[in-house]
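The following note comments on one structural model, point by point. It is meant to be read with the sequence and the coordinates at hand.

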Amino acid sequence: MANIQQLFGELERHIKREEHDKVLIISDKILAVDPKDKDALHCKAITLIRLERYSDALSILNRGLEGKFVFEKAYCLYRTNQLSDGATLIEATRKQVQSAGGQLPWDLRHLEAQMLYRMERYQDCIELYAGMLKDTSKSDDSYNDILTNFNACKAAVLYSGETLDERWRAEDVTKTTYELSFNSACARISQGDYTQALALLEEAKTLCRESLSDYDEEEIEQELAIIVVQTAYVYQLLGRTEQARELYQSVLKIKALEVTVPAVAANNLVAIQKEDDLFDSAKKIKSANTKALGVKFLSSQKRAIAMNELLLQLYQNKFAACRDTAQQLLKSQPDNDALYLILAATMHRQKKTAKALEELKEFAAVKPDSVAIQFAIVQLELINGQDYTAAIDSLARFLKSLPEKEQHRPGYVALLVWLYDQAGQGEKGVDLLSEASAIWTKNNKGSGSSTALPLTLLRQTAAFKLRSHRYKDAAKDYEELVRADPSDPASIAGLIMAYSEFEPTLAEKYGASLPEMKNVMALDVESLERVVPGLKREYVSTENAGAAIGGGRRPLGPGSRPRRTGARRLRKRKPLLPKNYDAAAPGTPDPERWLPKRDRAAARLARTRKTGGGSRKDMGKGPQGLNLEGGGIGGTGSARIAGREPIAPAAPAREIPVVEEVVDVAAIAKAKSSSNSSKKKKGKSKGKW
């Protein structure tokens, strides 16, 4: 007994000195004497947690301390990413405590909120943090920490696309801590208010520097890194990619950062670079997609990184790897329509558009409600030979499969009308617009709206009718637009254009109501009227240019030239002839006059006489009798052998005109290469001698 007391004294001394390895040794000695000693087991479990050996600590807590030390066990489950088991354990503990009339301990409530956030159960997490805020005084040091996490949950709800309860309406909490300003900026980003988000991020930077004024500059830069990355993300959303690129690269140069910050910066840089510098993008995406980061990122972040990796493989033409990865991701993300589009894109980039279209139609059969897949089918049908009829059929078939309320959404109608217009079926487009307008009017009246049809839709409908030469229908729509907003110059101009085709008097009437042009440069109207588009300046007189015939464009005066009447006489261009050509001499120009002298027939003949076969330089060369008169033995004649008489030369042939031919050099080269390739390779032969 005295030996165990001595061991516990030694254990306490090592714990105070934080000598964790020695604590484990002494704990094992105590457990060797008494394996069920709860104090020794608890001490060993806590030491293993401090050494971040959570699995070993969890095995001890499950083995000898069942039902006790719930917080330690739940914390180990949290750190080993067993979030569901941890949340279940805390919920069971809450029920036990509440049945006894108590309340869950504060540390367990904090831990449960962290688990719910990691499990992306944001609504439950908000409820839990709201209860904790009620139970905490604002003067308490932990109040700002709870409020920071509360605002982080609200931003996560907005970012995920869920609806935030009115009770937790997002409000900016400024000039308190930099964490609160940062989370308020994240909520603004989720709402699309990028200007206010940038202001809050700048405020967070200022507060961070003020609160960490006692730290080194390197430590301050490490803490500012996450704010800088978020600022770069906002710039990227605003299209200011160069500023975003500079900020991302500056963060990647900082050392000893928390692993998620440079990973996010690297992934976003890959998105900016797209198809530029693919090798550098491959290195960056590899650093952002490691197993260690998998447990730290949310599902939306992991999905974005996986999609960027797929697109990078597509840009690198690694089609097989891209398809394999996409098919693996479909097992865990069956609702991700972008994966189906990437599978089709691998075929399209290989010039197999028909195969890509076939695959998309198979995907559409599996997911008939997918708008992305259906629109991709329409796009590929347009790419594959601009088949507007097939695209119209595909889109019309998809719209008929939708509920009646969804069939006439403005985007769908606009696309179908555009296809009708491109296919030369403008009448069908106008009929579709009229049908959709009636449905939109009916729906707006049923909803109690003051206007029968949204003005933006009515404006687009009127413009299309005007382009389709339905001037009376367009005039009716423009009249309604003018009644809704009499000061709208675009609507008035459209109405004037429509009326000018069938009621010029009304067009003039509305023309007087057009607003005057302001801030117009000083222009000489008379000089502009003297300019006739499409005519040379000499056709218009500079004298008495104000008068005109019947209000026409051409001025008439004493010095003006009359308008040319009748068909214009075409002048025949004289042929280009050589310098020494004698027109009096008969014959036509030399057809080879455009060729260089070295390529003409005379030059070729001269070269043949000088260097070709039978030339003087070859006299005395070769076998005996080769250059004798008559061509030698085996020639067309024979040498004077054995007293034979020479054969008289044949009569000279008539001159054949030179005909230029276009020689396909590539075909000849190909024929030569193929003939050479058909020859067998000969081995080395020994000399005859």
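1. E18 counts as exposed, because its relative accessibility of 58% lies over the 50% cut-off. The residue is found in the loop that joins α1 (2-16) to α2 (20-33). Its phi is near 55 degrees, a positive value in a residue that is not glycine. Most residues other than glycine have a negative phi. As this is a predicted model, the backbone at E18 is a computed conformation and may merit inspection by the reader.

2. A second non-glycine residue with positive phi is E120, where the angle is about 65 degrees. E120 is placed in the loop between α7 (106-118) and α8 (122-134). Is this residue buried, partly exposed or exposed? E120 has 27% relative accessibility and therefore counts as partly exposed, a class that lies between the limits of 20% and 50%.

3. Confidence should be considered before any detail is discussed. The average pLDDT of the protein is 76, and 77% of the residues score at least 70. Over residues 538-554, however, the pLDDT is below 50, and the model gives this stretch 31 contacts beyond near neighbours in sequence. Residues 624-689 likewise stay under a pLDDT of 50; for them the model has 31 contacts beyond four places in sequence. Where pLDDT is low, the predicted coordinates should not be read in detail.

4. As to overall content, the protein has 31 helices and zero strands. Of its 689 residues, 34% count as buried. Among contacts with a sequence separation of 6 or more, 43% are accounted for by residues 24 or more positions apart.

5. Two packed helices are described by the angle between their axes and the distance between the axes. For helix α22 (residues 388-401) and helix α23 (residues 410-422), the axes come within 10 Å and cross at roughly 155 degrees. Because this angle is over 145 degrees, α22 is roughly antiparallel to α23. The crossing of α22 past α23 is left-handed. On the α22 side the contact is made by Y388, A391, I392, L395 and L399, while α23 contributes Y412, L415, L416, W418, L419, Y420 and Q422. By class, this contact comprises 11 nonpolar residues, one polar residue and no charged residues.

6. Helix α13 packs against helix α14 (residues 260-273) at an angle of about 145 degrees, and the axes are 9 Å apart. This crossing, too, is left-handed. From α13 the contact involves T241, A244, R245, Y248, Q249, V251 and L252; from α14 it involves V261, P262, A265, A266, N268, L269, I272 and Q273. Which classes of residue make up the contact of α13 with α14? The residues divide into 10 nonpolar, four polar and one charged.

7. L247 also belongs to helix α13 (residues 241-252). With a relative accessible area of 22%, L247 is partly exposed, because buried residues lie under 20%. Apart from its neighbours within four places in sequence, L247 is in contact with V228, T231, A232 and Y235. Of these partners, Y235 is 12 residues away from L247 along the chain, and the C-alpha atoms of the two are separated by 9.6 Å.

Terms used: Residues are numbered from 1 along each chain as its sequence is written. This is a predicted model: local features need pLDDT of at least 70, side-chain atom pairs count only at pLDDT 80 or more; totals for chains, interfaces and linings use all residues. Side-chain values use heavy atoms; hydrogens and water are left out. pLDDT is the predictor's confidence in each residue, from 0 to 100. Contact means heavy atoms within 4.5 Å. Axes are lines fitted to C-alpha atoms, for helices over the stretch in contact, and angles run from 0 to 180 degrees between N-to-C directions. Helices (H or I, at least four residues) and strands (E, at least two) are DSSP runs, numbered from the N terminus. Angles under 35 degrees count as roughly parallel, over 145 as roughly antiparallel, 65 to 115 as roughly perpendicular and the rest as oblique. A crossing is left-handed if the near helix is turned anticlockwise from the far one by less than a right angle, and right-handed if clockwise. Ala, Val, Leu, Ile, Met, Phe, Trp, Tyr, Cys and Pro count as nonpolar, Asp, Glu, Lys and Arg as charged, and the others, Gly among them, as polar. Buried means under 20% relative accessible area, exposed over 50%, partly exposed in between (1.4 Å probe, protein chains only).
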